[in-house]
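Hi everyone, thanks for making time for this. I'd like to walk you through a structure, taking its pockets, a helix and a lysine in turn.

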Amino acid sequence: MTTLQWLGLILYCLTLVGVIKQISVVGLMGDKHQQHLLFGSAAALFAFWIFKVGIFEGLDVHFVGLSVVTLMLGFRYAILAGTLALLGATAAGFAQWQTLGINGVLGVMLPVAVTYFVYLVSFHHLPRQLFVYIFVCAFFPGALSIALKTGTLAGYYFVEGIYTWDVIFDNFVLLIPLLVFPEALLNGMAITLLVIYQPTWVYTFHDKFYLDN
């Protein structure tokens, strides 16, 4: 493993330890509803992540889906769901164990952190309306997350010298404009359906804030 891969793995493991310390494992074990949401989200992410396309190893694209999962579960449980999906995809041979830390930091932590940050800014500084919640908290972070993930992974492959910049740009970076709208639409539509039909599944959505006002 390279230095960057070790640093990524250490950072990812430290984050996981911090997240697990903030979660009541006993409470989770006794909460069937939360278990269903956590493991169901992880399974959905796993399905999204194994259906990917690309010509070169590592330079492949797929739906991320972590924006809607973050809004559903909150920051800590979204990290856990993403980690379970990443471990499953790696164990199934869709990713390399050497890049587990890099994929965890750039493919899980970054999208979750971006989405939750946008949600917090929106909640405290923007009008609390349903359409603001859908477009600002789900649609926009979905687009931003996949753009940042793809861009930072491109930087990693370039710095590590795995591919030349021409190969990375032509087969990876150039796809960013084509990825942002589908990803945004997926997250926006998913959160719309959830807040309409299953609002109790969405941790960050509250009727008294977004509907009663």
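Let's begin with a word we'll need: on a 1 Å grid over the protein atoms alone, a pocket is an open set of points with protein on both sides within 12 Å along at least five of seven lines. Its volume is the space filled by probe spheres set on the points. Please also keep in mind that what you see is a predicted model.

With that in hand, look at the second largest pocket, which holds about 200 Å³ of space. It is lined by 14 residues, and the closest to its centre are Ala44, Phe48, Val68, Val69 and Met72. Who supplies this lining? Helix H3 (32-50), helix H4 (66-73) and helix H9 (176-197) each give at least two residues. H3 has the largest share, with seven residues. And the character of the lining? By class, 10 residues are nonpolar, four are polar and none is charged.

Let's stay with H4 for a moment. How many of the eight residues of H4 are buried? Eight of the eight, so to speak the whole run, are buried. You can follow them on your screen: Leu66, Ser67, Val68, Val69, Thr70, Leu71, Met72 and Leu73. The cover over these buried residues includes H3, H5, H6, H7 and H9. Just after H4 comes Gly74, with a positive phi near 90°.

Now turn to the largest pocket, where about 420 Å³ of space lies. There are 22 lining residues here, and Lys52, Asp60, Phe94, Ala95 and Asn103 are the closest to the centre. Helix H5 (75-91), helix H6 (100-125) and H7 are the elements that give two or more residues to this lining. Of these, H7 gives the most, with four residues. Sorted by class, the lining has 11 nonpolar, seven polar and four charged residues.

Last stop: Lys149, which sits in helix H7 (residues 130-159). Which side chain of opposite charge is nearest to Lys149? That is Asp60, 6.9 Å away. A salt bridge needs a side-chain nitrogen within 4 Å of a carboxyl oxygen, and Lys149, although buried, has no salt bridge. What does Lys149 touch, leaving aside residues up to four places away in sequence? Its contacts are His62, Val64, Leu106, Gly107 and Leu110. You have already met Asp60, by the way: it is one of the residues closest to the centre of the largest pocket.

That's my tour, thanks for listening!

Technical notes. Residues numbered from 1 in each chain as written. Predicted model: local features only at pLDDT ≥ 70, side-chain atom pairs only at ≥ 80, totals over all residues. Heavy atoms only, no water. Buried < 20%, exposed > 50% of the residue type's maximum accessible area, 1.4 Å probe, protein only. Lys, Arg positive; Asp, Glu negative; His and termini not counted. Contact = heavy atoms within 4.5 Å. 1 Å grid on protein atoms, 1.4 Å probe; cavity = no way out; pocket = protein on both sides within 12 Å on 5 of 7 lines; lining within 4 Å. Nonpolar A, V, L, I, M, F, W, Y, C, P; charged D, E, K, R; others polar.
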